[in-house]
Amino acid sequence: MTGLLLVALVELVSEASAVYEDEVLALLPRHGGSLERRLTDGREEVQVIHFAAREGLQAFLDDPDRLALRERYGAAVPATRVLEVTPRE
């Protein structure tokens with residue numbers, strides 16, 4: 001797999017956090033991104049995200065719609081730790 005592979009570790013602080021994640025993840029395809037896997041225990045979430053190119057990640061982060069969602073959801077926006085990973089055979 002070429003491109004950029006990320007694992008996001010997301011703390012869901014409320015139900016609104018999960019809704020925020022739904023909305024923000026829907027923006028990925030605009031920037032050559034795709035959600036490969038999404039796992040949750042209800043309090044935390046693990047997301048495996050692929051971008052065709054590194055520039056796609058920056059475009060996603062700078063997306064005005066994503067930034068507007070962050071502002072709209074305020075304190076419900078979950079803390080997220082993102083790791084760049086490589087597949088291990």
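User: Which residue follows α3, and what is the sign of its phi?

Analyst: In this predicted model, local features need pLDDT of at least 70, side-chain atom pairs count only at pLDDT 80 or more, and totals for chains, interfaces and linings use all residues. Residues are numbered from 1 along each chain as its sequence is written, and side-chain values use heavy atoms, with hydrogens and water left out. Helices are DSSP runs (H or I, at least four residues), numbered from the N terminus. G74 follows α3 and has a positive phi, near 50 degrees.

User: Which residues of α3 are buried, and where do they lie around the axis of the helix?

Analyst: An α-helix has 3.6 residues a turn, so residues three or four places apart point the same way. Buried means under 20% relative accessible area and exposed over 50% (1.4 Å probe, protein chains only). In α3, R66, L69 and Y73 are buried. Seen down the axis of α3, these buried residues fall within an arc of 55 degrees (taken from the directions from the helix axis to the C-beta atoms), so they line one face of the helix. The face turned away from the buried side carries the exposed residues P64 and E71.

User: What covers the buried residues of α3?

Analyst: Contact means heavy atoms within 4.5 Å. The cover includes α1 and α2 (54-62). From α1, A16, V19, Y20, E23 and V24 meet R66, L69, R70, R72 and Y73 in α3.

Note on methods
Helix = DSSP H or I, 4+ residues; strand = E, 2+ residues; numbered from the N terminus.
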